[in-house]
Amino acid sequence: MFQAAQETMSRDELTQVQLRRLAATLRLAYDNVPHHRKAFDAKGVRPEDLRQLSDLRHFPFTVKTDLRDNYPYGMLAVKREQLTRIHASSGTTGKPTVVGYTQGDLDTWADLAARTMAAAGVRPGDLVHNAYGYGLFTGGLGFHYGAERLGCTVTPMSGGNTEKQISVIQDLGATVLACTPSYALNIAEVAEKEGVDLVGGLLRVAVFGAEPWSEGMRAEIDRRLGLRAQDTYGLSEIMGPGVAAECGERDGLHGWEDHFLFEVVDPATLEPLPPGETGELVITTLTKQALPMVRYRTRDITRFDLTPCRCGRTHGRLMRITGRSDDMLIIRGVNVYPSQVESVLVGFSGIEPHYQLVVSRQGALDHLTVEVEADPLLADDVYVSTAADVRHHIKSMIGVTCDVILQPPGGIPRSLGKAVRVKDLRKQ
Ligand code: DLL
């Protein structure tokens, strides 16, 4: 199943499947989840009002706080006893968001994670070194079962203890690396420091995701680990990893449309945008049993491209997710995502792509300081001029005025999972 039959269905077939599954999902949500019933009633819609896919625009959105307000089990369409597994996302504030899976949901998830890995170029027989966190986070177990389903051998490493990761990759002969891109960079760096040649080793493909990353970072990691880095997307409220996957073309991530319905809405008006326009991604699940999601506002900014892909898959493509609307900084009127700054920093001579954005308040205005690490070979007396160069490039490429501070090697905290790119001092 390098390319499942569902991945090449015609648009007409796909629409039929989606409509049938969407009707069942709306019914399931309305009949079993008091929150959805109330929200439908408040908008004056009933499941049977759905006649065609475009009717979905009349149904209410679901947002993260709905999950928090109904913590822990209020959004479930089944009894707690019918769950086989629970995951949770920690979030930065307040209660975690709890998500549940029936055995059927876990089966679908394993299939989709397997399809995601296959699209990325993973094959049966590959040895997958899985350094995504195991536990409440969906990354570890999500890819674990996907890899098994695809017929791979899995090393369930989880994150952390980077020196050990490197010897396990080498000793066991891993061909696939699954982790966040920021952690992969950490692995590359530690291997280089220890004089371990991962580039000449067996690693062939990396299955990345869980955080925004740039094309520049991709080139950097491809080179420093000697593999092909592929992007995958997912979120726990919808399932976990395996919602969308880049194919070998590396030109957008195929959203698995037989299991999810993707809309892109204008974040200000919440009106659906025509295909191909950039906005906030909204996802409705089509086959989830325990936790059906109706029009979940992901906050992720992307566009959904329906033009044919050279790989032959008919499922539309999410263009690389630049960031979440919550992560967007507005610095003196200029909108900026951390991943845009990353694009400027990666490959810049004299610095390493370890960085953090510090946002503070100067008077009435927000102020951005980019802290980035110096190359270990950079002479002390050119720190200041290098910082000025970086500052100038950020201004000319992104249009944002900032301060740049060069930190000595090791001065920026390393990622063990999702990197923390923004330090916000405004809230202190
Ligand atoms: O991060 C699931 C996952 C695990 C995806 C491993 C891929 C690989 P959450 O912790 O719920 O779930 O975080 C979901 O992470 O809404 C995005 O903002 C961000 N995100 C996930 N994948 C990407 C990506 C997992 N490829 C949130 N590019 C999402 C950019 C991503 N952002």
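In the predicted model, the ligand is surrounded by 20 residues, of which Asp231, Thr232, Ser236, Asp300 and Lys418 are the closest. Classified by chemical character, this shell comprises nine nonpolar, six polar and five charged residues.

Polar contacts to the ligand involve both backbone and side-chain atoms of the protein. On the backbone side, a polar atom of Ala210 is placed 3.0 Å from a nitrogen atom of the ligand, and a backbone N or O atom of Glu211 is likewise found 3.3 Å from a ligand nitrogen atom. A side-chain contact is provided by Lys418, a polar side-chain atom of which lies 2.8 Å from an oxygen atom of the ligand; Lys418 is also listed among the closest residues of the shell. Of the 610 Å² of accessible area that the ligand has on its own, 94% is covered by the protein. Two elements, helix α5 (138-150) and strand β7 (228-235), each give two or more residues to the shell around the ligand, and the most is given by β7, with five residues.

Helix packing was examined for α7, which spans residues 181-194, and α8, which spans residues 215-225. Two packed helices are described by the angle between their axes and the distance between the axes. For this pair the angle is about 35 degrees and the axes are 10 Å apart, and the crossing in which α7 passes α8 is left-handed. On the α7 side, the contact is formed by Pro181, Ala184, Leu185, Ala188, Glu189 and Glu192, whereas α8 contributes Met217, Glu220, Ile221, Arg224 and Leu225. Taken by class, the residues of this contact divide into seven nonpolar and four charged, with no polar residue present.

Two features of backbone geometry were also noted. Most residues other than glycine have a negative phi, and most peptide bonds are trans. Against this background, the peptide bond from Tyr71 to Pro72 is cis in the model, with an omega near -5 degrees, and Pro72 is located in the loop between α3 (64-69) and β1 (85-89). Ser158, a residue other than glycine, has a positive phi, with a value near 65 degrees; Ser158 is situated in the loop that runs between β4 (153-156) and α6 (162-172).

Conventions. Residues are numbered from 1 along each chain as its sequence is written. This is a predicted model: local features need pLDDT of at least 70, side-chain atom pairs count only at pLDDT 80 or more; totals for chains, interfaces and linings use all residues. Side-chain values use heavy atoms; hydrogens and water are left out. A residue is near a molecule or strand if one of its heavy atoms lies within 4 Å of it. A polar contact is a pair of N or O atoms within 3.5 Å; within protein, one must be able to donate a hydrogen and the other to accept it, and residues adjacent in sequence count only if both atoms are side-chain atoms. Accessible areas come from the Shrake-Rupley method with a 1.4 Å probe; for residues, only the protein chains shown count as cover. Helices (H or I, at least four residues) and strands (E, at least two) are DSSP runs, numbered from the N terminus. Ala, Val, Leu, Ile, Met, Phe, Trp, Tyr, Cys and Pro count as nonpolar, Asp, Glu, Lys and Arg as charged, and the others, Gly among them, as polar. Axes are lines fitted to C-alpha atoms, for helices over the stretch in contact, and angles run from 0 to 180 degrees between N-to-C directions. A crossing is left-handed if the near helix is turned anticlockwise from the far one by less than a right angle, and right-handed if clockwise. Contact means heavy atoms within 4.5 Å.
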